Amino acid sequence: MISVLTMEQRRYEGRGARGHLLCCLVAVFLWSVAAAQIRYSVSEEVNEGTVVGNIAKDLGLDKSSLKGRKYRIVSSNTDPLFYVNQNDGILYVSRKIDREEVCAQSSTCLINLKTVLENPLEVHYIEVEVLDINDHSPSFPEKQIILEISESVLPGVRIPLKASSDPDGGPFSVQRYKLSPNDHFHLEVKDKGEDGKIPILIVQKSLDREAARSHSLVLTALDGGKPPKTGNVNILVNVLDINDNAPVFSQDVYSVMLDENAPVGTAVAQVNATDLDDGPNGEVVYSFSNSVSHRLLKTFDINPSTGEITVKGLINYEEKDRYEIEIQASDKGLAPLVTQKSVIIKIVDVNDNAPEIEVTSFSSSIPEDSRPGTTVALISVNDLDSGLNGKVFCSISDDVPFTLSPSLKDKMYSLVTKSPLDREKQSHYDLTITAKDAGQPPLSSEKTISVVVSDVNDNSPEFSLSPYTFYVAEANEPGTSVFSVKAFDRDEDDNALITYHILRDGSEGNKLSSFLNINSENGVITALKSFDFETVKTFQFQVVATDSGTPSLSSNVTVNVFILDQNDNAPVILYPVSSNGSAEGVEEIPRNVNAAHLVTKVRAYDADIGYNGWLLFSLQEVTEHSLFALDRYTGQIRTLRSFTETDEAEQKLVILVKDNGNVSLSATATVIVKVVEPKEAFAASDVKSATNDDEESNVTFYLMITLASVSALFLISIIVLIAMQCSKSTDYTSKYLQETNYDGTLCHSIQYRSGEKRYMLVGPRMSIGSTIVPGSHANTLVLPDRRRTSTEVGMLKHTLIYNNHYL
């Protein structure tokens, strides 16, 4: 962008017969981009159509393309000051411009214009400076100025006058003043910068009212035009008579007594003054002196005609016990004379102030282990009244562990503890202190202060239960929370901030605690491994809760954990089992067997207990449905009818064995039944019987051991129950629940009561052909007593379950 070159502008002043002469110097711009700015100047009051400048020429625009590109001025004004001719690109004045209207009295008056060309779009900015001309005369705000000056004034007195104004600015504004010739006054002009020039009338010679009652002057204001324009104002000076006698008060001293709290309107005193002058110069007016404070003016009032002083506001002895008021008496002369006199008012005290209680050195918090006699606060009492009205007694209620101890200094007390404090019983005290004076009638006041008993770590954490008992299903997901413990501390803040940890002492019974982790902040316990009911059924450990006090206190709790069985073991086929380990066997039977003949028996067991270990048998696949039947509880396969010549010699049976868990697990066994002639079957049975004798002898041995163990445990349980019944004189009832005896894995139960708890022995139903699997699990369930609260229902103490896995 090329810098702007501004052409000089020549100004012509004055007016001719044809109006104002306009000379504009145009700034020439050369642009290499689609935006430019030039500046012109034009005098105000030029005629409409006056040329401001040739924009097309100065910007180097093609005149022939201006109209086609819609060259125009963009303006939101409905009556613009300028317009551009689209034929030649010349800027013209569209209407007369009044600089004072457009720019007031600004030193520089610039009008910004934005011109636009379309296709392609070009924006050019034009600045037009409106030049001032001297088209206004000075004027005064008033047509006549009337002044009253006493004849006693001395030469040199200065009287400021109102200045003249001129809408024109700069050199065309008011530049000087002149005063008409006279002997008593002369004029001085004070320049106040932006505020203009101020005329000041100065008394040059003493006035004599008898020689001239008034003086008429003419003040003229001149602006800076050539020739200058002027404005005049008449000044009338009236000379006033001299008032040469001042009022005189009748007493040298005024002193009165006034009770405090005197009602508004009460007469306090009356002053009197006389003036030897005649007429208005001898009439006296009373008022407060200018030196009287604003506060006194709100408290007292004076009658300007009679001089009577009355109460106007509140009189308070405690705020001020003595007032001295300056009263002035002035005449009504044109130049009033004034005489002043002091009036002294003494205030008499009455008992109108209640005692004031102030608490200093206040300890809003005191430790609960503070010893009796510990200072909590210093109490000071004060009464603004005097004498007995200001004598104060202080007290506090007797039902708090605090007392007031008088100090050696008058009206000072110490608030001290008189007995031990316990924050856990009461952590906050609102103490009401009563102060009473000895006036008649006595006045009293109260002040309540709050004392907070701060905590000391004197309470150990307490668990919400002791001991805790939790039930966890086996096969839990490692790393998830299984249960939580919660302790609380009656202390507060850090003294009540509890952290938890598991006590790991390395003892044999505490080994499983190494597989647990506890959140030290919230007591949530997570298992780091899955529990297996078949491996461990119950264990216990201890959790320690420690607060964060100094020194810290702790307590522990025992946590009993019982593992709940889940159906996580599928049935295992014990018979038939082939030599390669598969559940498949071959049975040979004579063709001449009758119906209900026992072909074989499928034996299986499940490591789970209860319904999860109760096995049911069903035929999943059979060659001939009319030949065989399967007992769903025993697994026995029997014939339904006799074999015929048309029946196939080999029959295949697939048996499904499944448990009764919520999601049942199953296993299958295959039995091949071969139908042989009676002679062949007899020969095969001789060989087989020898093998079965050995097997049966082993099974019998294990069965005897198992039955002996179960019997011993059952006997021990009965002895323990009898001992518990004998040791407690409580209600004892036994109830045996008998059910139909059948061969399977479902258990029977015996319920009994001991003390406040009900117990149930759960064991297998025994029947012919059933076998106890070595290693059966044993536990006892505690049944809910409906007479107890809900928190005791379902508490598992000790379980003894005899589980019969059917073989």
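Colleague: Let's start with one residue. Is L154 buried or exposed?

Modeller: Exposure is read from relative accessible area, where over 50% counts as exposed. This is a predicted model, and in it L154 has a relative accessible area of 61%, so L154 is exposed.

Colleague: Where does L154 lie?

Modeller: L154 belongs to the loop that links β8 (144-150) with β9 (158-160). Sequence distance and spatial distance are worth reading side by side. L154 and K205 are 51 residues apart along the chain, yet 7.7 Å separates their C-alpha atoms.

Colleague: Now a charged residue: which strand holds E127, and which residues does E127 touch?

Modeller: Strand β7 (residues 122-131) holds E127. Leaving aside residues up to four places away in sequence, E127 touches Q37, I38, R39, Y40, L110, I111 and N112.

Colleague: R39 is among those contacts. What is the distance from E127 to R39, the nearest side chain of opposite charge?

Modeller: For a salt bridge, the cut-off to keep in mind is 4 Å. The R39 side chain is 4.1 Å away, and E127, although buried, has no salt bridge.

Colleague: Good to know. What is the mean pLDDT of the protein, and which strand has the lowest mean?

Modeller: The protein has a mean pLDDT of 78, with 81% of its residues at 70 or more. Among the elements, strand β50 (residues 734-737) has the lowest mean, 32, while strand β21 (residues 308-311) has the highest, 95. Then look at the stretches below 50. Residues 1-35 form one of them, with 67 contacts in the model beyond near neighbours in sequence. Residues 686-691 are also below 50, and on that same count this stretch has one contact.

Conventions
Residues numbered from 1 in each chain as written. Predicted model: local features only at pLDDT ≥ 70, side-chain atom pairs only at ≥ 80, totals over all residues. Heavy atoms only, no water. Helix = DSSP H or I, 4+ residues; strand = E, 2+ residues; numbered from the N terminus. Buried < 20%, exposed > 50% of the residue type's maximum accessible area, 1.4 Å probe, protein only. Lys, Arg positive; Asp, Glu negative; His and termini not counted. Contact = heavy atoms within 4.5 Å. pLDDT = per-residue confidence, 0-100.
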